[in-house]
Amino acid sequence: MAGGGDHPGVMDVGLEALNHNILTGALEGMVKWARYQSCFPATFGLACCAIEMMGAGAAHYDLSRFGMEVFRASPRQADLMIVAGRVSQKMAPVLRQIYDQMAEPKWVISMGVCASSGGMFNNYAIVQGVDQVVPVDVYAPGCPPGPQTLMHAILTLHEKIRTGELTQRRSGGQGAGIVVDQRDGQTLEVPIALGRR
């Protein structure tokens, strides 16, 4: 007997032993569960934040726990864009093109102060906030934010997807604009990280 003891196991009886095990749920709830359990990120690593993003995917932090171990090279296979680093004016149209090619529903995490507000690069060559190019759902502050902060941003996004708050795009094409706490021991400088100059 595969089950051991006096009771026959599933291997002995077959599917007849499973006649009372039924999983039910609302279709909308199952779709939300599938969406937040299988976010496929399209990387957009542009500067030093990309190293921290790679660190989050490595063995110590292990993003595969959340079904995100494979960063997609093709935007058509991705539904989450992590913009890691400063976005130049020349790169902005490329960023928008990749975003437009991603599958719906899609989400964006702005990683670091350079992506969120231009950071220390207050000049004509750098976009002063990626939200001018694509709608941002979660802002991860820091220069650069560590893997802990990125994972906190991802888990915050997962929770908003699970509850259905981000299922429909905000009016006017804006993202949710959620700012998460920094989790890697750095101090947060509010004027640079969250606001415009």
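## Overall architecture

A residue counts as buried when its relative accessible area is under 20%. By that criterion, 41% of the 197 residues of the protein chain are buried in this predicted model. The exposed surface of the protein chain comes to about 10,800 Å², and 55% of this area is supplied by carbon and sulfur atoms.

The protein chain contains 7 helices and 5 strands. Read from the N terminus, these elements follow the order α-α-β-α-β-α-β-α-β-α-β-α. Among contacts in the protein chain with a separation of 6 or more, 77% join residues that lie 24 or more positions apart.

## The sheet

The 5 strands make up an open sheet, arranged in the order S1-S2-S3-S4-S5 with parallel pairing. Strand S1 and strand S5 (178–179) form the edges, and each of them pairs on one side only.

Strand S2 is joined to strand S1 by 5 bridges, and 5 bridges also join S2 to S3. Both pairs run parallel. Individual bridge partners illustrate the arrangement: Thr43 is matched with Ile82 in S2, while Val83 is matched with Ser110 in S3.

## Strand S2

Strand S2 is mostly covered, with 5 of its 5 residues buried. Leu80, Ile82 and Ala84 point one way from the strand, whereas Met81 and Val83 point the other way. In a regular strand, side chains alternate between the two faces of the sheet.

## Nonpolar cores

In soluble globular proteins, nonpolar side chains tend to be buried together. The largest nonpolar core of this model has 25 residues, of which Leu80, Ile82, Ile109 and Leu150 touch the most other members. Two or more residues are given to this core by each of helix H3 (49–57), S2, S3, strand S4 (138–140) and helix H6 (147–163). Helix H6 provides the largest share, with 6 residues. A second, separate core consists of 16 residues, including Met81, Met102, Val133 and Val136.

The surroundings of Leu80 can be described in detail. Apart from residues up to four places away in sequence, Leu80 touches Cys39, Phe40, Pro41, Ala42, Met68, Met102, Trp107, Val108, Ile109 and Leu157.

## Helix H4 against the sheet

Helix H4 spans residues 92–101, and its buried residues are Ala92, Leu95 and Tyr99. Viewed down the axis of H4, these buried residues fall within an arc of 60°, so they line one face of the helix.

The buried residues of H4 pack against strand S1 (41–45), strand S2 (80–84) and strand S3 (107–111). The helix lies across these three strands and runs at about 165° to S2.

## Arg86 in the loop after S2

Arg86 is located in the loop between S2 and H4. With a relative accessible area of 32%, Arg86 is partly exposed, because this value falls between the 20% limit for buried residues and the 50% limit for exposed ones.

Leaving aside neighbours within four places in sequence, Arg86 is in contact with Leu46, Ala47, Cys114, Ala115, Phe121 and Ile126. Arg86 and Met120 are separated by 34 residues in sequence, and their C-alpha atoms are 9.7 Å apart in space.

Methods
Residues are numbered from 1 along each chain as its sequence is written. This is a predicted model: local features need pLDDT of at least 70, side-chain atom pairs count only at pLDDT 80 or more; totals for chains, interfaces and linings use all residues. Side-chain values use heavy atoms; hydrogens and water are left out. Helices (H or I, at least four residues) and strands (E, at least two) are DSSP runs, numbered from the N terminus. Buried means under 20% relative accessible area, exposed over 50%, partly exposed in between (1.4 Å probe, protein chains only). Contact means heavy atoms within 4.5 Å. Accessible areas come from the Shrake-Rupley method with a 1.4 Å probe; for residues, only the protein chains shown count as cover. The arc is that of the directions from the helix axis to the C-beta atoms. Two strands pair if DSSP finds at least two bridges between them. Axes are lines fitted to C-alpha atoms, for helices over the stretch in contact, and angles run from 0 to 180 degrees between N-to-C directions. A nonpolar core is a set of buried Ala, Val, Leu, Ile, Met, Phe, Trp, Tyr and Cys residues joined through side-chain atoms within 4.5 Å.
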